[in-house]
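This report looks at one residue, then at the nonpolar cores, and last at the spaces inside the model. Keep the structure in view while reading.

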Amino acid sequence: MGPFTLAVDTKSSSLVSSDVSNRKIKNLQLQTKKCFASVSMEEEKPFYFLRILFEGIIAGGTAGVVVETALYPIDTIKTRLQAARGGGKIVLKGLYSGLAGNLAGVLPASAVFVGVYEPTKQKLLKLFPENLSAVAHLTAGAIGGIAASLIRVPTEVVKQRMQTGQFTSASNAVHVIASKEGFKGLYAGYGSFLLRDLPFDAIQFCIYEQIRIGYKATARRDLNDPENAIIGAFAGALTGAITTPLDVIKTRLMVQGSANQYKGIFDCVQTIIREEGPSALLKGIQPRVLWIGIGGSIFFGVLESTKRLLAERRPKPTQQSQHD
């Protein structure tokens, strides 16, 4: 009976081993199917991309309009300080001059920037390893800045010339600039604008995103609106201080009009240093840091809260799609 029992056990174990092998094969087949299913989901990403694009446009436009309206007087004072040569006096009247025309440009420019930045950031974060997330944020910020510059620059030219008292209405400013200086007059200082805004956008959003990542990892929770606002204020103030010389150069080139007292970026720098001293490149740094610090607080606070509200209103997936 002993050998018979042993034979039965061997057969049984063989059956069990075969059954286990079959289960492993089935599991591998299931995993393979799931793998292909995830690839299929990746192919449906255009819908996800469009959603991020749409939400970014809405959130960016809202944040841009709110912060521009709230801080426009400080921006006007900063512009007049930078435009004044030597010991020129600063006029404190008409601090909201050109606001309406500026909002007509700020709304689409902010919408385009965030609308481009958000999906670009999401895509780059998937391409880069986690330890290079800062590169993804820097790159996305620069790409968003380039896209928005096509709207920002004409808006900035008209705004600053109205702030310095050259025109009384945006429509009149556009008409006169285009007739006297041509279409390129609306893009006066475009090179210096990119020189300032591309580093500014890239650095500000990189600092903001990196601090948020570190804070969330430490707190082990999502950030609330006041926390986002504080981080935004710090990122904005620091970036504003760093890029002040670039902002002075951009302002001088944009407000010179048809006089063309500066031949370009390098000539502008040399002329300012020769005639007014190196400290002139830091003109308006106090109101600029104040303006962008507070602006960063408002902008990122409104941006994150708007993105959260839009995310909460997303249509929930049906049970059938969840099952699939």
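## A lysine in a helix

Lys121 is part of helix 3, which covers residues 99–127. The model is a predicted one. Is Lys121 buried or exposed? Its relative accessibility is 7%, and because buried means under 20%, Lys121 counts as buried. Its side chain has a polar partner: a polar contact of 3.1 Å links the side chains of Lys121 and Glu209. If neighbours within four places in sequence are set aside, Lys121 is in contact with Glu209, His137 and Ala140.

## Nonpolar cores

In soluble globular proteins, nonpolar side chains tend to be found buried together. In this model, the largest nonpolar core has 24 residues, and those that touch the most other members are Phe113, Phe205, Phe299, Phe300 and Leu303. Two or more residues of this core come from each of helix 2 (45–83), helix 3, helix 4 (133–163), helix 6 (190–219), helix 7 (225–242) and helix 10 (285–312). Helix 10 gives the largest share, 6 residues.

Phe205 shows how such contacts look for a single residue. Not counting residues up to four places away in sequence, Phe205 touches Phe113, Tyr117, Phe299 and Phe300. Another core, of 11 residues, lies apart from the largest one; among its members are Val153, Ala173, Ile177 and Met254.

## A pocket and a cavity

The largest pocket is lined by 23 residues, and Lys121 appears again here: with Gln122, Arg212, Glu304 and Lys307, Lys121 is among the lining residues closest to the pocket centre. Helix 2, helix 3, helix 6, helix 7 and helix 10 each give two or more residues to this lining. The largest share, 5 residues, comes from helix 2.

How many cavities of 30 Å³ or more does the structure hold? There is 1. The lining residues nearest the centre of the largest cavity are Val67, Glu68, Arg152, Phe200 and Trp291. The elements that give two or more residues to the cavity lining are helix 2, helix 3, helix 4, helix 6 and helix 10.

The table sets out the volumes and linings.

| Space | Volume | Lining residues | Kinds of lining residue |
|---|---|---|---|
| Largest pocket | about 610 Å³ | 23 residues | 6 nonpolar, 4 polar, 13 charged |
| Largest cavity | about 660 Å³ | 29 residues | 12 nonpolar, 8 polar, 9 charged |

Technical notes: Residues are numbered from 1 along each chain as its sequence is written. This is a predicted model: local features need pLDDT of at least 70, side-chain atom pairs count only at pLDDT 80 or more; totals for chains, interfaces and linings use all residues. Side-chain values use heavy atoms; hydrogens and water are left out. Helices (H or I, at least four residues) and strands (E, at least two) are DSSP runs, numbered from the N terminus. Buried means under 20% relative accessible area, exposed over 50%, partly exposed in between (1.4 Å probe, protein chains only). A polar contact is a pair of N or O atoms within 3.5 Å; within protein, one must be able to donate a hydrogen and the other to accept it, and residues adjacent in sequence count only if both atoms are side-chain atoms. Contact means heavy atoms within 4.5 Å. A nonpolar core is a set of buried Ala, Val, Leu, Ile, Met, Phe, Trp, Tyr and Cys residues joined through side-chain atoms within 4.5 Å. On a 1 Å grid over the protein atoms alone, a cavity is a set of points where a 1.4 Å probe fits but cannot get out, and a pocket is an open set with protein on both sides within 12 Å along at least five of seven lines; lining residues have an atom within 4 Å of a point. Grid points are joined across faces, edges and corners, and a volume is the space filled by probe spheres set on the points. Ala, Val, Leu, Ile, Met, Phe, Trp, Tyr, Cys and Pro count as nonpolar, Asp, Glu, Lys and Arg as charged, and the others, Gly among them, as polar.
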